[in-house]
Amino acid sequence: MKKTKMIIMGLAIALLVFTTACSSEEDADRVIIKEPGETITVIDDAGKEAGEPGVSVEKIERYDNVEISDWLDEETVIVSKENTSLDKMKLEELSDSYPRSLYVYNLNTKQYELLKEQDNVFLGGVALSPDKKHLLYHEYDLGDPVYHVLNLDTLDSFDIIGNPIGGAVSAKWADEETIIGAAYSGGAYTASISGNIAPLAGLNEEALFIVERMKDKVYYNTNSNESLMVLNLATKEKTSLNFDHVYGVVPSPDGNQLLVLQSNGSKNVMILCDANGGNQKTIAEGTELGGVSWSLDQRMIAYSQKADVNGIPVKGLYLYDMLSGKSTQIAVDVENAATSWSPSGKALVYTEWNGNQYNSNIVHLKYSLQK
């Protein structure tokens, strides 16, 4: 039995190494390997051109009932999971659940270190500042989330709530010391890591939906007008980027390019462009697109996609390679996923919410053209 299992595992690893380019092929082109408690689906490698820059999967590690949100380094991640040392949630609708707390998890030692716990709330949605010194997270139960900023050295924190903004509808890192988002009072706000919170001058629109800053530009739209606008913080000038029905904007790490997610009826598209909306290139389209993130070296773009192929819904996780201009499917049956890259770009975590719990997978990657 041991010998047979070793042969199966060897085949699994060999097949994973040859995972390749994205296509619209049906289930006949999948290889599914089942191990106790785990199923790995591998994409067939049939049409890859020899010598073409590409990426393949070395292995996938699964973490059930764990939300892995961000990377401190190659060996350490921030996770949210149930904390069974606390009493269960008090609300009747959540009384079967334990509060979720934040932990530092070492991928090598498999050890959890408690970072932040709180009675009767779920903590999650972690995003580390670019310098890895502060942590943005939210607390929630059945209501709207409340955003907090945690200093990782002192473990002191403050919440983004109260006057003069009422509270934060959204929160994103604008740089190492600044958070930006939409405010409940209307318009946008900024919050510094020292706890100073203020409305953003020049953006007083009610009910902002998207608020993203890249260098000296703030990209935004509203719930009533989904066209993408940009505010130049230096000149205070507002201009339209001529994108309608925008539901997402993802700035590049170097601050020179944008990914714009646009809904056109039954089809969603992801467009790569420069900071002013020029040099547009459509790099993905489907009935659903999400889970978008850049690798820090800006070579790879991760995203989840759902598409109809001959009337059959096909769901998967993809990598778009900026060098080759092509996409590679690295996992199937993936939806409602969030993605985050390790600092080196050699690993990617994707986390799914299935309606009852979070499950995370770390994908270890191999590049045929060395990084």
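Here are three short exercises, with worked solutions, on a predicted model of a protein chain.

**Exercise 1. Getting an overview**

Find out how many helices and strands the chain has, and what share of its residues count as buried.

*Solution.* Start with the secondary structure: the chain holds 1 helix and 32 strands. Next, turn to burial: 48% of the 371 residues count as buried. Then look at the surface, where the chain exposes about 18000 Å², with carbon and sulfur atoms supplying 48% of that area. Finally, take the contacts between residues at least 6 apart in sequence: 40% of them join residues at least 24 apart.

**Exercise 2. Visiting Phe209**

Decide whether Phe209 is buried, partly exposed or exposed, and list the residues that Phe209 touches.

*Solution.* First locate the residue: Phe209 lies in strand β18, which covers residues 208-214. The relative accessible area of Phe209 is 42%. Partly exposed covers the range between under 20% (buried) and over 50% (exposed), so Phe209 is partly exposed. Now for the neighbours: leaving aside residues up to four places away in sequence, Phe209 touches Asn221, Thr222, Asn223, Val246 and Tyr247. As a last step, compare sequence with space: Asn225 is 16 residues from Phe209 in sequence, and their C-alpha atoms are 9.1 Å apart.

**Exercise 3. Reading a sheet**

Work out which strands stand at the edges of the sheet β14-β15-β16-β17.

*Solution.* Begin with the order: these 4 strands form an open sheet with antiparallel pairing. β14 (172-175) and β17 (197-199) each have a single partner strand, so they stand at the edges, with one side lacking a neighbour in the sheet. From one strand to the next, the twist averages 30°. To finish, zoom in on one pair: 3 bridges join β16 (residues 188-192) to β17, and Tyr189 stands opposite Pro199 in β17.

Key: Residues numbered from 1 in each chain as written. Predicted model: local features only at pLDDT ≥ 70, side-chain atom pairs only at ≥ 80, totals over all residues. Heavy atoms only, no water. Helix = DSSP H or I, 4+ residues; strand = E, 2+ residues; numbered from the N terminus. Buried < 20%, exposed > 50% of the residue type's maximum accessible area, 1.4 Å probe, protein only. Contact = heavy atoms within 4.5 Å. Areas by Shrake-Rupley, 256 points an atom, 1.4 Å probe, with all protein chains shown as cover. Pairing = 2+ DSSP bridges. Axes fitted to C-alpha atoms, helices over the stretch in contact; angles between N-to-C directions.
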